[in-house]
There are 2 protein chains.
Amino acid sequence: MAKDFPTREENYAQWYNDLVIKADLAENSAVRGCMVIKPYGYAIWERMQGALDQMFKDTGHVNAYFPLFIPKSFFSKEAAHVEGFAKECAVVTHYRLKNDPDGKGVIVDEDAKLEEELIVRPTSETIIWDTYRNWIQSYRDLPILVNQWANVVRWEMRTRLFLRTAEFLWQEGHTAHETREEAIEETEKILDVYTRFAEEWMAVPVLQGTKSPNERFAGAVETYCIEALMQDGKALQAGTSHFLGQNFAKAFDVKFLSKENKLEHVWATSWGVSTRLMGALIMSHSDDNGLVLPPKLAPTQVVIVPIYRKLEQLEEISEVALKIKKDLEKHGIRVKYDDRDTFKPGWKFSEYEFKGVPIRLAIGPRDLENKTVEVARRDTLEKEILHIEEIDIKVKNLLDQIQKKLYQRALNFRENNTHVANTWEEFKDLINNQGGFVLAHWDGTAETEEKIKEETKATIRTIPLDMKKENGKCVYSGKPSQKRVIFARAY
Amino acid sequence: MAKDFPTREENYAQWYNDLVIKADLAENSAVRGCMVIKPYGYAIWERMQGALDQMFKDTGHVNAYFPLFIPKSFFSKEAAHVEGFAKECAVVTHYRLKNDPDGKGVIVDEDAKLEEELIVRPTSETIIWDTYRNWIQSYRDLPILVNQWANVVRWEMRTRLFLRTAEFLWQEGHTAHETREEAIEETEKILDVYTRFAEEWMAVPVLQGTKSPNERFAGAVETYCIEALMQDGKALQAGTSHFLGQNFAKAFDVKFLSKENKLEHVWATSWGVSTRLMGALIMSHSDDNGLVLPPKLAPTQVVIVPIYRKLEQLEEISEVALKIKKDLEKHGIRVKYDDRDTFKPGWKFSEYEFKGVPIRLAIGPRDLENKTVEVARRDTLEKEILHIEEIDIKVKNLLDQIQKKLYQRALNFRENNTHVANTWEEFKDLINNQGGFVLAHWDGTAETEEKIKEETKATIRTIPLDMKKENGKCVYSGKPSQKRVIFARAY
């Protein structure tokens, strides 16, 4: 297991990139900006998907699938959407290749030009609301609570594995409601789902809030988000939930006959999280020894490594190890017994440490005599010797402890890196020298927000939902403000 | 529930299309050839995915994700692949839109032309083998047993929901092996997985065999397939598993150091099933009353409908119904209690019949008195009155029975529609007037195969694995043949 990669201190960006590649999570592909998600990385993503999907279903949502392609003209239908949304999209213009007459491979067949170009979906509001028009006639057809798991493409010039890639995987929920209140309730319900998922599964504490108008989703009336803080003091937006008002219903002419027998436009929400969460997960917990995974999302929660010199020792150890494996599996724990003879125990130790397996058990000849097992936890790197009889219960409890500990550690980090700035000097000093979240008063104008961004690269990450009112003065303009907002540099 | 759709007898193609749309499985989208998979259809697909995914994992496979786009030049690297594979592909030529200077929406930004066009994957052998080159150095890196769940695009001029769409969902397995034997073993193992899935989950009997060279996957040394027979007597290819030899390893220069310390090309397989299976499922079991679903794949296995006049009756009935629901759920049965007051029982009966829910329970005031429930099964439309005490065990058994019955019915249909042709006259008569599978001798030449296709539209569906040797004469050319093959017209 190669560990020749920089520490976080030395070069955080390089540390992250090397970690992703060397831990076999993902890699760059032959297609610029597109990544390959490797089996180990994908296994983590599958666990994320599974947990989120269940939470969506438990809150009444169903899955569906809409086309990958969107007719170009659809983008112009919702004015704010087309204005605000980045136009870096993959454009399909032809539908056929042909053999190169020169005999050198294939070329695009110019006779097969599309009448209207198709855009590879960067997000699906337009095609979905075009579809909903036929699904919705009366209030009886509402609400529609649909989610889709899909790939989307946003052409990015500067990409980073998981954090910013041209193609990424995500889920996008698109719901339709009778009333404004119901749609807002849905937007907030999903924000809670995202929060619970981030905190309970990923062990990543997040702030809940809304975005400033500047940072709102193009076409949204209000964008809610969850924001997490990474170990380098930069913020990462981990999920968004948009209240879309009647904007898309108006753009795509989606009306329903209300209970009062009136024709009204439908109210909408959309919400999504993506493979970007993998980046948040990795950066929240990992250390200079490699990946650290919360047990709930670790594909392998416990690895058992036999320590032996002779092959007959291995047999004896295997018997005990397989018994332990079975006992642990009865508790629903995901266990791997690595008895490969092609690698030495030391190599295996370092491999699983690097890959973030939460608990490692080692069993040697002496352990057989003493009926003991060496237990090592990845988060603290602590080891202890446990009696074999108690191993299943202890390991089960330890997994719970590690899950909680990782959350608490990340929460402590965030608290230690959240500062209050009352003056412009303080603000600049914090942003430039400390990083982290900076709580500051803001006058509420896009102008000030822009200027702060220009001068410090910090943006308003969120206007926290739970922030109490407080009279103050904008840290930049000095104008009156009633509430602090969260600033940070961000991914 | 609108049932104004033709019978299978009247117009099979229309029956299928109307069924798919009216049962809320899928519909055409605004993008030519691309479908929307609606929540009810997607819920069935999700169950298929879940079962298949578990079978893949149980046989040692892991999931990963590769890019949606493939550089155009990759297609020319494997000669047979580029020659044989349809060139109807979606081609991405630009990566940016811009506002139309005329102020009318957006146009393609001609400055953002890609140096090399990207093809939306029609299948992923090329990009995956380009990736494997870096994953494989030694025999220790083998085998690679990777699957991906993805969307693919093959531009089709004439599309049919689920059966043939420009974009479809599928899984594609791509494995890499040390030896020819191991790769062939893998190809056959997957064929067995597909067979078990088709027969045990979908209740669709299939024939296992290989394809004639003509019908082989472009770039494969051997293509194995499972073939099913639809109710209109046409065959449907339900899954394929390809032994690719060293073709892609050679094209993409993927070598490994063997145990004997020799540099060798890697052996490959690929295999896939798609949302086409939805078409096979629908056409195998459904009838003139609508969809019929095998219990194992039905999103709702049992629906309970209350029969009442007054609201206080509903309360009493609900109490009993919810108790039954809970009891059934203890057995892992998926139950829906439909107590909506906005629809009448008759409407609900017809709705669930149309949507293929395997078992319907109805409870009215008289049932309360008698402690009975009316049980109706979708497959035979039979009804019986059961005592409430025995309902959970009986329903559980009934679901098993229905699953088996559907399989047996489909198997009987196939057997009744499999015929032997010994002369060209017999052959033509069977293909033109009876349909179904026709077993006939074939001289093994592509020429004869072509001619038979031209004259009858029948193709060799498969060369069955279990067909015994038998000396005979080709039904078309009269030349000697040692084995019968399966001919049919096909989807």
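Two strands pair if DSSP finds at least two bridges between them. Keep that rule at hand for this tour of a predicted model.

**Stop 1: a strand with two partners**

Select strand β11 of chain A, residues 207–210. Now add strand β12 of chain A, residues 222–229. The two run antiparallel, and 4 bridges join them. To see one facing pair, pick Leu207(A); Glu227(A) in β12(A) stands opposite.

Next, show strand β24 of chain A, residues 459–464. β11(A) pairs with β24(A) too, in the antiparallel sense, over 2 bridges. Here the pair to pick is Thr210(A) and, opposite it, Ile463(A).

In a regular strand the side chains alternate between the two faces of the sheet. Which residues of β11(A) lie on one side, and which on the other? Leu207(A) and Gly209(A) take one side, while Gln208(A) and Thr210(A) take the other. These residues are all buried, and both faces of the strand are covered.

**Stop 2: two helices that cross**

Select helix α2 (residues 39–58) and helix α5 (residues 180–201), both of chain A. Their axes come within 11 Å and cross at roughly 145°. The crossing is right-handed.

Show the side chains at the contact. From α2(A), take Ala51(A), Leu52(A) and Met55(A). From α5(A), take Val193(A), Phe197(A) and Trp201(A). How do the residues of this contact divide by class? There are 6 nonpolar residues, no polar ones and no charged ones.

**Stop 3: the domains**

Colour chain A by its domain assignment. Domain 1 covers 12–86 + 122–285. Domain 2 is 300–398, and domain 3 is 418–488. The centres of domain 2 and domain 3 of chain A, taken over C-alpha atoms, are 50 Å apart.

**Stop 4: a five-strand sheet**

Stay in chain A and show strands β18-β17-β19-β20-β21, in that order. They form an open sheet of 5 strands with mixed pairing. Why do β18 (335–337) and β21 (383–387) each have one side without a neighbour in the sheet? Both stand at the edges with a single partner strand, so nothing in the sheet flanks the other side. On average, neighbouring strands of this sheet are turned by 25° against each other, direction ignored.

Zoom in on β20(A), residues 372–377, beside β21(A). These strands run antiparallel and share 5 bridges. One bridge links Val373(A) to its partner Leu386(A) in β21(A).

Now add helix α8 of chain A, residues 311–330. The helix lies across β17 (302–306), β18 and β19 (359–363) of chain A. Compare its direction with β17(A): the angle is about 170°.

**Stop 5: where the chains meet**

Show chain B as well. How many residues of chain B are in contact with chain A? The count is 54, and they touch 54 residues of chain A. By class, the chain B side has 33 nonpolar, 10 polar and 11 charged residues.

Select β5, residues 91–94, in chain A and in chain B. The two strands pair in the antiparallel sense over 3 bridges. Val91(A) has His94(B) as its bridge partner.

**Last stop: Asn99(A)**

Asn99(A) sits in strand β6 of chain A, residues 97–99. It counts as partly exposed because it has 15 C-beta neighbours inside 10 Å. Finish with a distance: Asn99(A) and Asp109(A) are 10 residues apart in sequence and 8.7 Å apart in space, C-alpha to C-alpha.

Notes. Residues numbered from 1 in each chain as written. Chains lettered and ligands numbered in written order. Predicted model: local features only at pLDDT ≥ 70, side-chain atom pairs only at ≥ 80, totals over all residues. Domains from an automatic or database assignment. Contact = placed C-beta atoms within 7 Å. Nonpolar A, V, L, I, M, F, W, Y, C, P; charged D, E, K, R; others polar. Axes fitted to C-alpha atoms, helices over the stretch in contact; angles between N-to-C directions. Buried ≥ 20, exposed ≤ 12 C-beta atoms within 10 Å, placed from the backbone. Left-handed = near helix turned anticlockwise from the far one by under 90°.
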